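New to this one? Here's a quick tour, starting with the ligand's surroundings and moving on to some strands.

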Amino acid sequence: MTEKITGYDIAVIGAGVTGCAVARELSRYELSVIVLDRESDVCEGTSKANSAIVHAGFDAKPGSLKAKLNVRGNSMMTELSKELDFPFMRSGALVVCTDEADLPKLEELLERGKANGVPGLRILSREEAHETEPALADGVCGALYAGTSGIVCPFGMTLAFAENALANGVVFSLSNAVNGISRTDDGRFLISADKGDITAKCVINAAGVYADKIHNMVCEPSFTINARRGEYMLLDRSAGSLVKSTVFQLPTKMGKGILVTPTVHGNLLLGPTADDIGDKENTATTRGGLDTVRKISALSVKGIPYNQVITSFAGLRATGSTGDFIIREDEKVRGFIDVAGIESPGLTSAPAVAEYVRDIAAGILPLKEKADFIPTRKGITLLAMLPDAERAGLIKQNPAYGQIICRCSSVSEGEIADSINRPLGATTLDGVKRRTGAGMGRCQGGFCSPKVMAMLAEKQGIPIAEVKKNG
Ligand SMILES: Cc1cc2nc3c(=O)[nH]c(=O)nc-3n(C[C@H](O)[C@H](O)[C@H](O)COP(=O)(O)OP(=O)(O)OC[C@H]3O[C@@H](n4cnc5c(N)ncnc54)[C@H](O)[C@@H]3O)c2cc1C
């Protein structure tokens with residue numbers, strides 16, 4: 001990765017799903033683009049800690065950007081997951097009602113969904129709901145069914161955008177925090193970052209919970225971002241088939257409520273809570289938060305084996321003061337595009353947000369399509385997903401694929417080496433985990449971490465004690 005110090009057409013600040021999707025979209029055009037992130041890997045912010053649901057789009061207020069980009073993003077997901085090779089399943093969702101007095105709220109959601117253009121919505125009676133998901137709690141008295149809802153690997157999706165953008169010429173400058181932005185005499189932006197100054201004709205602010213801080217470096221304050229924490233419990237794969245679709249409760253003004261969902265990796269996920277905490281760094285889980293997850297999840301699904309919890313985590317929603325996604329060129333500072341307040345459904349909307357930002361960028365710079373754009377990307381081959389014969393063939397070609405390092409998730413030395421050696425490869429334990437699943441299983445890396453650390457140390461030429469868990 002060679003970094004030009006100066007002279008980019010576009011600088012994207014933030015390598016979460018939003019920044020990476022935008023970068024990938026812009027890489028279709030003859031532009032020089034750099035993505036800057038303060039962390040040492042992509043997907044280190046909110047994009048790594050969320051519910052991983054591709055929302056159908058019945059929840060957002062009709063006419064809002066959230067509604068429009070959610071539904072568009074959802075409709076793009078099947079094709080995109082094939083093109084960029086990331087895990088996505090259209091597994092459906094139920095919004096369950098546990099109090100007969102609330103049944104009209106399901107109708108309201110149905111109407112809102114129709115107004116947003118969501119296909120495949122229908123109301124299920126008590127009996128139909130229990131038939132669809134036999135593990136629903138006895139108190140469930142009706143549900144809204146959304147057939148277009150799905151589950152995705154948020155790391156897989158973000159990495160796919162990033163790797164494809166990289167293959168199409170985008171520069172990734174990681175461990176490079178932006179500390180200030182000003183305008184030069186010739187109307188460019190001068191970005192001062194940890195690794196030096198960068199100039200760009202256009203800046204795209206995709207800095208998640210810090211998007212207000214980045215905005216205020218060069219624009220007049222016009223919005224704030226509050227960190228709303230959501231806590232989760234992740235259960236072992238042995239619990240993953242308790243439900244086959246995502247089970248939501250009725251949404252509140254704080255969010256979509258506590259859900260119970262299978263993940264694309266076969267686990268069961270419970271959460272999130274919703275607490276306005278203000279602290280933009282605080283992703284700690286709390287006893288109170290996890291107790292709430294436990295108590296409320298049991299209202300919608302019965303028989304959740306809470307003794308199968310393998311880890312807990314929390315993510316921070318970047319809740320904007322306008323109530324909607326804030327995606328616009330600043331009125332006074334031309335060429336500065338905010339992509340802010342990207343809370344849920346930000347993961348779902350990412351590809352549609354990218355198109356929307358491209359259209360704004362087209363009003364700032366000429367966008368000429370590249371003749372040699374590479375639209376596809378191939379992810380790491382995960383051997384556990386392959387039929388026996390195919391797996392045996394790969395092991396014959398490279399015996400490292402036969403050396404299992406992560407026993408819980410059956411990840412081999414060969415796959416871990418691939419994750420470290422590929423372009424934009426892993427440099428930390430968490431980086432390997434997000435790319436291969438090693439350390440994501442029942443023992444949470446207790447067994448495989450030393451071996452993964454040794455491989456990272458060898459690649460980086462550093463003592464094993466200097467290998468980091470994350471950025
Ligand atoms: C609890 C919870 C549940 C959610 N569930 C869902 C869901 O099921 N479905 C869905 O569609 N959406 C969901 N979301 C929303 C979704 O996760 C987010 O909208 C999305 O991940 C936001 O991505 P982002 O790239 O905008 O932000 P981030 O992923 O936070 O990326 C921002 C990046 O900016 C970088 N940065 C910040 N400051 C600087 C700086 N000064 N210099 C350089 N880099 C900087 C950070 O390091 C970070 O990598 C959920 C969110 C939460 C918190």
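Sorted by character, the shell around the ligand has 16 nonpolar residues, 16 polar ones and six charged ones. Keep in mind that this is a predicted model.

**Around the ligand**
- There are 38 residues around the ligand, and the ones that come nearest are Gly16, Gly45, Gly208, Gly230 and Gly346.
- Three elements give two or more residues each to this shell: helix 1 (17-26), strand 18 (309-320) and helix 8 (346-361).

**A three-stranded sheet**
- Have a look at the open sheet with strand order 3-8-4, where the pairing is antiparallel.
- Strand 3 (53-54) and strand 4 (88-89) sit at the edges with a single partner strand each, so one side of each has no neighbour in the sheet.
- Strand 8 covers residues 150-152, and two bridges link it to strand 3 in the antiparallel sense.
- In that pairing, Val54 has Gly150 of strand 8 as its bridge partner.
- As a bit of background, strands in a sheet pair through backbone hydrogen bonds, and they can do so in a parallel or antiparallel way.

**A hairpin further along**
- Strand 19 (residues 326-329) and strand 20 (residues 336-340) are another antiparallel pair, joined over four bridges.
- If you'd like a spot to zoom in on, Ile327 has Val339 in strand 20 as its bridge partner.
- The hairpin made by strand 19 and strand 20 has six residues between the strands, and Gly335 takes a positive phi near 90 degrees there.

Note on methods
Residues numbered from 1 in each chain as written. Predicted model: local features only at pLDDT ≥ 70, side-chain atom pairs only at ≥ 80, totals over all residues. Pairing = 2+ DSSP bridges. Near = placed C-beta within 6 Å. Nonpolar A, V, L, I, M, F, W, Y, C, P; charged D, E, K, R; others polar.
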